[in-house]
Amino acid sequence: MVAVAILAAGKGTRMKSSLPKVLHALGGRSLIEQVLYNCRLLPGSRRLAVVGYQSDRVKAALSSFPDLEFVEQTEQLGTGHAVQQLLPHLDGFTGDLLILNGDVPLLRPETLQQLLETHSAHQNAATILTARLPDPQGYGRVFCDDRHLVQKIIEHRDCTPEQRENCRINAGVYCFRWPELAKVLPQLQANNDQQEYYLTDVFEQLEPVMAIDVEDSEEILGINDRVQLASAYQILQQRVKEAAMLSGVTLIDPASITIDDTVELEADVIIEPQTHLRGHTVIGSGSRIGPGSLIQNSRIGKNVTVMYSAVNNSTVADETSIGPYAHLRDRATVGSACRIGNFVELKNTQMGDRTNVAHLSYLGDATLGTKVNIGAGTITANYDGVNKHPTSIGDRSKTGANSVLVAPITIGADVNIAAGSAITENVPDDCLAIGRARQVLKPGWRLKSDEPNTSSS
Ligand code: UD1
Ligand code: CA
């Protein structure tokens, strides 16, 4: 039996932020979501998060993890004090407890698996992850004997200058036999520079405690400030991009592209420069995205092109082309083989297959059938100043250039709307609708001032 506890009660003073540190974003996930995600290969069992600073906000941000148990640490008196709060919750638990810092987001799931395996293979009281860093500044230093058995851990600020020379650092990732940890936890003292209860003090009382070095020390980067947050983002980007390229995605100029690790890309997708893919986005094979595009929380089908455009919270079916300079603002559902051209904005709009909106249009709260052609400059007037109203346009209908469709309105199938019309009443199937003042011609008419000057002065 393995339980996982994540320490996430701290404020994160060094972030200088009103947002709790563990809610800062690292690509598509917050730091703590990323830590939870890194546990995905571990045997399914209890997950606990110790929360404290702005705990309501942290809990609300984690509402998509229904099985996560929250443990309150009302005063943040140190990592040892945080773990003490688990005592009543894990009463009677006899398995292993994996403890992770909520601000160490780059651990590979395989590394955690390996930690657990070593822990049980050696029947250790505790097994901890360590790394040798060229610049160990700020981390706790781990002192071991020659068999990698941990003697003690001393925080950077409590080290003597000689002890600081030790570059073997504590990653903040530990596996404990819970009953043994539970026995020593109540004895922690806060006799250190910060006057906090340090979890790391328990190791002097447990035996055997084994340290295992991570191969790739980038994994254990702890985020204490925004400089480290940016470094972690770069490392994660590097991993995501390499994985994408190795799975058959072409990235043209990878350094100018950002891809959240929540994004799924099929083989033979091409991502052009200056393109950013965020959130829960999926892109089908053969699609070409960019240059200069932002796709967020959207599903893009196969063989789609998106150029210099923004697509948010929308779905685009196969073979459609978008842009340049289009904006699928929110909840657009675009059929297959459609064309969304320059300076077109779609909001809460459904478009059937083979429908085109090629130039200068706003379609909001609209439902369009198949093979509709929206003329240049067509606008749905969906907002009366108080409420939004729907527009419906049937199959094969065409709107002339510069039409205004005043919602709520229903335009039937096979309708033609004359250019420059303001359409305020429903149009039945198979009709031509003209809603504009008739052109008037006055032969020979001219302005008074343009008349020949007949005055004699
Ligand atoms: C800690 C370790 C240090 C290690 C480093 C690795 C201790 C004493 N030190 O230091 O040896 O090298 O992590 O990154 O453990 N937290 C609580 N409640 C508290 C205090 C902290 O939940 O009262 C949480 C924080 O939200 C954070 C984590 O514990 O997620 C680590 O706390 P932090 O203050 O960042 O510890 P470090 O100084 O980085
Ligand atoms: Ca830290």
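This text leads through the pockets of a predicted model and the surroundings of its bound ligand.

The empty space in the structure offers a starting point. Rolling a probe the size of a water molecule over the atoms shows where such space is left. The largest pocket holds about 1,200 Å³ of space. Its lining comprises 40 residues, and those nearest the centre of the pocket are Arg14, Lys21, Thr79, Asp103 and Asn224. Several elements of secondary structure take part in this lining: strand 1 (2-8), helix 3 (79-84) and strand 10 (168-177) each supply at least two residues. Of the contributing elements, strand 10 gives the most, with four residues. In chemical character, the lining of the largest pocket divides into 20 polar, twelve nonpolar and eight charged residues.

The second largest pocket has a volume of about 430 Å³. It is lined by 20 residues, of which Arg40, Arg239, Val240, Ala243 and Asp261 lie closest to its centre. Two or more residues of this lining come from each of helix 1 (31-38), helix 4 (109-121), helix 7 (226-246) and strand 14 (264-265). Helix 7 provides the largest share, five residues. By class, the lining of the second largest pocket contains eleven nonpolar, six charged and three polar residues. Both domains take part in this lining: domain 1 (2-220) and domain 2 (226-433) each contribute at least three residues.

The ligand is the next subject. Ligand 1 is surrounded by 24 residues, and the closest of them are Gln73, Gly78, Thr79, Glu155 and Asn170. Thr79 thus appears twice in this account, since this residue is among those closest to ligand 1 and also among those nearest the centre of the largest pocket.

Individual contacts give a finer view of how the protein meets the ligand. From the side chain of Asn101, an N or O atom is 3.0 Å from an oxygen atom of ligand 1. Two further contacts involve the backbone. In Gly140, a backbone N or O atom lies 2.9 Å from an oxygen atom of the ligand. In Asn170, a backbone N or O atom lies 2.6 Å from an oxygen atom of ligand 1. As for the surface of the ligand, ligand 1 taken alone exposes 750 Å², and the protein buries 91% of that area.

Definitions and conventions:
Residues are numbered from 1 along each chain as its sequence is written. Chains are lettered from A and ligands numbered from 1 in the order in which they are written. This is a predicted model: local features need pLDDT of at least 70, side-chain atom pairs count only at pLDDT 80 or more; totals for chains, interfaces and linings use all residues. Side-chain values use heavy atoms; hydrogens and water are left out. On a 1 Å grid over the protein atoms alone, a cavity is a set of points where a 1.4 Å probe fits but cannot get out, and a pocket is an open set with protein on both sides within 12 Å along at least five of seven lines; lining residues have an atom within 4 Å of a point. Grid points are joined across faces, edges and corners, and a volume is the space filled by probe spheres set on the points. Ala, Val, Leu, Ile, Met, Phe, Trp, Tyr, Cys and Pro count as nonpolar, Asp, Glu, Lys and Arg as charged, and the others, Gly among them, as polar. Domain bounds come from an automatic or database domain assignment. A residue is near a molecule or strand if one of its heavy atoms lies within 4 Å of it. A polar contact is a pair of N or O atoms within 3.5 Å; within protein, one must be able to donate a hydrogen and the other to accept it, and residues adjacent in sequence count only if both atoms are side-chain atoms. Accessible areas come from the Shrake-Rupley method with a 1.4 Å probe; for residues, only the protein chains shown count as cover.
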